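Let's take a walk through this protein together, starting with the whole chain and ending at single side chains. Keep the structure open beside you as you read.

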Amino acid sequence: MRVAWMGRTSNRDLQDPTLSLPRQLRNCQQVLPEDALIVVHFYDVESGRMSLAQRGRGHAHEQFQIPIPRDGSIQDLLDEAERSDRRFDAVICESVERIARTTYFGTKIEYELEQAGVPLLASDEPIGTGGGARKGKTATQVLTRRVKQGVAEWYVTEMLEKSWAGFEIHTEHGYNVGKPCYGYCARHVPHPVPAKRAKGVKKTLLEPHSVEGPVVAKIFLWRVVEQLGYQTIADRLNEDLITNPPPTPILVDTAVGQWTHCSVRDILTNPKYTGHMVWNRRARKGGGRNRPNPVEEWVWSPEPVHEALVSLETFVQAQQVAEHRERSRSTPGTNKHPRAQRTYRLRSYLFCPLCGRRFYGKSSKGVSYYVCAPKKANRPNGHPPSIWVKEDTILNGLTDFLSAHVFGPYRHELLTRHLTTLDAAQQQERAQRIDSLRKAITETDAKRKRLIRNLENIDEPSQDLIQDINERRAELGAHRDDLQRQLDELEDEAHQAPNPDLLACLPISPIDLAELPDAISRRLFEALRLEIFYDRAANVVSYAVTLTGETIKAVARTAQEAAMVPVDHISASRNEKEREMKTGHAVPPRHPSVWRPRQDSNLRRGSWAEPVLSGVTGGGSQDGGLFGRGGIDIAQLDYQARVCGVDPMNSKRLIELASVGVAALAWREGPVEDWHAAQDGIGQAEMMRLNAAATRTARDHLRAEARVDLPLEDARLPSGGAASIFAPLSRLLADPQRSLPDGRVLRDLAADAGAWEEFEGHVCAHCGRWAGLETAYGPRSVLILLACHAVGRVRKWWLLPDWSARVQEFFRRLDDPEAWDDRQVANYLRQQPPPGTSDRHALRQRLLDGPDRCTAAAADYCLRAGLGLLAPSDYGWPGYSRHAMPAACRALVVPPSRPGVARR
């Protein structure tokens with residue numbers, strides 16, 4: 001009998017193929033019967049967990065001197081088995097897991113060989129030659145083989161899970177994996193395991209590099225303040241390679257000796273510079289090797305474990321710059337494409353409010369235009385096939401805007417037309433109150449901790465003493481909540497207040513953009529955070545700039561450079577006015593064509609967006625600039641959403657966040673809260689499940705009615721013309737027969753008919769409010785407003801962006817009671833968990849799927865174990881500012897109180 005031998009060993013980093021493969025061949029030869037002979041040899045050096053389509057494609061075997069002739073790979077074996085002139089009658093391997101480590105692929109290969117009439121043998125199993133007239137019994141052999149295949153797959157899976165858990169602990173302790181990133185150097189410490197320590201094995205911590213560390217801080221500063229692109233930052237660094245030494249790759253032979261856009265991007269996207277150790281940012285194995293992993297799969301150390309080179313806030317701001325600049329070239333001048341002949345000054349700054357995309361430059365008959373022409377599949381309702389606007393029109397308007405509103409002598413007067421007059425005394429008083437409230441909160445926290453320490457010092461405290469301490473602790477907790485509420489209100493007021501004094505830091509000088517070199521004008525635009533929106537329907541261009549304390553110096557410096565360029569258009573404008581006065585005829589406008597060649601239309605310039613001023617970040621007027629002459633300014637609404645941390649282009653995420661806003665406003669913040677606060681009301685655990693169930697109801701309805709292809713991240717929501725998606729919400733949320741997680745129906749929660757009537761009125765008022773806004777502005781605007789309310793005002797809620805991180809941190813602390821400052825939680829975790837909560841993996845998945853999927857006992861266990869006590873800082877989550885959403889925007893989604901209706 002002719003036999004083909006199939007061997008496999010793992011990659012060169014894990015095993016030695018020159019030893020493993022000959023051993024496998026020898027074991028197979030020893031068990032073959034006398035009438036069988038191995039005539040061909042097939043083997044591979046690769047992982048057995050690869051898919052069958054990827055098997056046998058590598059060339060790792062060529063790097064070794066393997067003393068066995070090779071006739072092909074696993075693919076060659078399967079191909080030859082299908083042929084009638086094959087050179088073998090059977091296939092043998094050392095053990096069945098050598099064929100594949102995954103049971104599915106192992107049985108698939110075995111099945112394909114059997115269909116071709118070729119049996120698969122293994123040296124560690126009984127081998128029958130198949131002689132005799134009757135068919136041999138193979139049932140026990142098949143069972144044994146399947147068990148071995150299952151055990152082999154289980155073994156690999158278990159080892160991978162244990163390895164993953166080990167890397168998580170390794171990361172939490174701050175140990176680095178691989179070469180230290182640029183800006184840090186390695187600090188080797190002895191290995192904690194004595195056996196490995198004896199062999200000289202060490203672990204690596206990170207400490208700042210004396211030369212490279214300041215370079216990293218400089219890169220982040222340029223990115224956040226001036227919003228420079230990767231290549232622009234690289235060019236700046238390459239001007240002085242002594243002060244800014246370029247990074248050295250792991251493979252020294254591949255070093256280019258200078259900075260590249262890739263090396264700058266790697267630094268700006270590396271979260272290790274925040275002081276946290278982060279692992280699993282990239283996939284190192286499998287088909288997607290070296291691809292970036294989703295952020296939610298990253299493993300972070302809970303606390304900073306090495307000295308930070310940049311703050312977490314700065315790192316987040318740098319990522320937001322990347323989102324804003326995506327697919328936009330930052331270098332000045334003409335594109336390097338050989339056919340490029342023009343420079344479009346306002347590229348990457350001009351946006352279409354209908355689709356949110358940037359306009360791109362295009363010329364027609366020697367005239368420069370900006371065009372928005374999305375593909376039909378990505379074109380929202382109401383968007384024409386193409387929108388054209390002349391460059392000179394936008395540029396002249398921007399010149400006038402900057403010269404008057406930003407660098408003009410009357411800029412303060414122009415700004416204060418739209419701002420409430422600020423009282424310096426009120427500002428100072430507010431700052432003092434904020435400072436005193438923060439100190440009072442710190443003192444209250446210290447008093448609560450001292451109570452616990454005093455109790456620990458008493459060996460046998462009496463029940464009366466324990467009761468007195470608990471009552472005092474409750475009083476301090478209520479007092480702290482009141483102080484925190486006052487602090488939030490004052491900070492709200494402070495963040496809403498603009499800071500026009502920033503304008504005084506800028507020079508007073510007219511700016512002629514037409515005469516400015518492209519490099520200077522782009523630096524000016526980046527420092528100003530310029531955004532331009534052209535609304536074709538209203539025929540209006542809106543200009544918006546943002547001045548912050550971090551960027552004001554860069555704006556002033558660039559403005560000084562721009563002021564040195566001659567400004568001829570000032571005298572030209574004066575001559576035009578003199579001509580008009582002498583002749584009595586108006587001078588023709590400088591921008592006759594607005595959106596398309598051979599069309600005459602005058603651009604109405606009178607609805608400019610005023611500069612958004614704040615002492616810290618963004619902010620602005622009381623309404624955030626959302627209200628124009630025709631209602632909500634869609635472009636400004638999109639902008640405000642991004643400030644709040646909501647991506648209006650991600651339809652799936654937008655609907656999820658809007659569902660949170662719907663549930664929080666129409667469900668929780670009303671009579672249900674009274675039912676929860678009552679003496680015998682809804683418990684904390686049941687309230688968490690009810691909140692998730694209401695959110696799920698709202699989400700499922702919005703998903704079905706918004707008519708959006710959710711997997712498409714750039715899908716646009718409808719903006720009107722369809723049936724209302726908010727009006728039916730009241731029937732769903734206030735359905736008396738709606739099933740609840742505990743088996744009851746919704747009507748059972750209300751104590752009496754009056755309470756139920758009040759709840760129905762609350763839900764109908766909110767849904768009616770949203771339906772009215774939907775009629776006026778379209779459902780997309782309402783969804784954005786609700787999503788902004790969710791990220792700005794709602795905390796500790798399923799489907800919020802930080803829910804996954806909260807759950808992960810909670811399960812990490814379940815095994816570490818000492819991680820809790822709250823002694824009550826720590827003592828509870830030391831007890832035996834209640835039935836139904838021992839399977840941590842299943843419990844974690846149910847929490848991620850929604851707390852309403854948990855049982856009542858499991859939900860109560862999670863809350864008592866500290867799920868609701870975690871703060872965003874506990875799991876490294878920067879969170880979103882609750883002050884980003886203007887008060888007037890929140891007033892849109894919250895209906896006014898109805899007269900004559902008393903809260904219960």
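The paragraphs below go from the overall picture to a helix, two groups of strands and two individual residues.

Please bear in mind that this is a predicted model. The chain contains 27 helices and 18 strands. It has 904 residues, and 45% of them count as buried. How much of the contact network links residues that are 24 or more positions apart? Among contacts with a separation of 6 or more, such pairs account for 74%. On the outside, the chain exposes about 46100 Å², and carbon and sulfur atoms supply 51% of that area.

A good element to find next is helix α4, which covers residues 139-172. Its 34 residues reach 50 Å from the first C-alpha to the last, close to the 50 Å expected at 1.5 Å a residue. Which residues of α4 are buried? They are Arg 145, Gln 149, Ala 152 and Val 156, together with His 170, Thr 171 and Glu 172. The cover over these buried residues includes two helices, α3 (103-115) and α23 (803-814). Strands take part as well: β4 (120-122), β6 (202-208), β7 (278-279) and β8 (299-300) are included in that cover. After the helix comes Gly 174, with a positive phi near 90°.

Now turn to the start of the chain, where strand β1 spans residues 2-9. This strand is mostly covered, with seven of its eight residues buried. Which strands does β1 pair with? One partner is β2 (residues 37-45), which runs parallel to β1 and is joined to it by eight bridges. To trace this pairing on screen, look for Arg 2, whose bridge partner in β2 is Leu 37. Another partner is β3 (residues 90-93), also paired with β1 in the parallel sense, here over three bridges. In that pairing, Ala 4 has Val 91 of β3 as its bridge partner. As you look along strands like these, a general point is handy: in a regular strand the side chains alternate between the two faces of the sheet.

Further along the chain there is an open sheet of three strands, with the order β9-β13-β14 and mixed pairing. Its edge strands are β9 (350-351) and β14 (540-544), each of which pairs on one side only. Helix α10 (residues 391-406) packs on this sheet, where it touches β13 and β14. The direction of α10 makes about 45° with that of β14. Within the sheet, β13 (residues 531-535) and β14 run antiparallel and are joined by five bridges. Here Glu 531 stands opposite Ala 544 in β14.

Finally, let's zoom in on two residues. Glu 80 lies in helix α2 (residues 74-81). Is Glu 80 buried or exposed? Glu 80 counts as buried because its relative accessibility is 4%, under the 20% cut-off. Its side chain makes a polar contact with the side chain of Arg 87, at 2.8 Å. Leaving aside neighbours within four places in sequence, Glu 80 is in contact with Phe 42, Arg 86, Arg 87 and Phe 88.

Thr 102 sits in the loop between β3 and α3. Why does Thr 102 count as buried? Its relative accessibility is 17%, so this residue also falls under the 20% limit. Not counting residues up to four places away in sequence, Thr 102 touches Gly 48, Arg 49 and Glu 153.

Conventions:
Residues are numbered from 1 along each chain as its sequence is written. This is a predicted model: local features need pLDDT of at least 70, side-chain atom pairs count only at pLDDT 80 or more; totals for chains, interfaces and linings use all residues. Side-chain values use heavy atoms; hydrogens and water are left out. Helices (H or I, at least four residues) and strands (E, at least two) are DSSP runs, numbered from the N terminus. Buried means under 20% relative accessible area, exposed over 50%, partly exposed in between (1.4 Å probe, protein chains only). Contact means heavy atoms within 4.5 Å. Accessible areas come from the Shrake-Rupley method with a 1.4 Å probe; for residues, only the protein chains shown count as cover. The expected span of a helix is 1.5 Å times one less than its number of residues. Two strands pair if DSSP finds at least two bridges between them. Axes are lines fitted to C-alpha atoms, for helices over the stretch in contact, and angles run from 0 to 180 degrees between N-to-C directions. A polar contact is a pair of N or O atoms within 3.5 Å; within protein, one must be able to donate a hydrogen and the other to accept it, and residues adjacent in sequence count only if both atoms are side-chain atoms.
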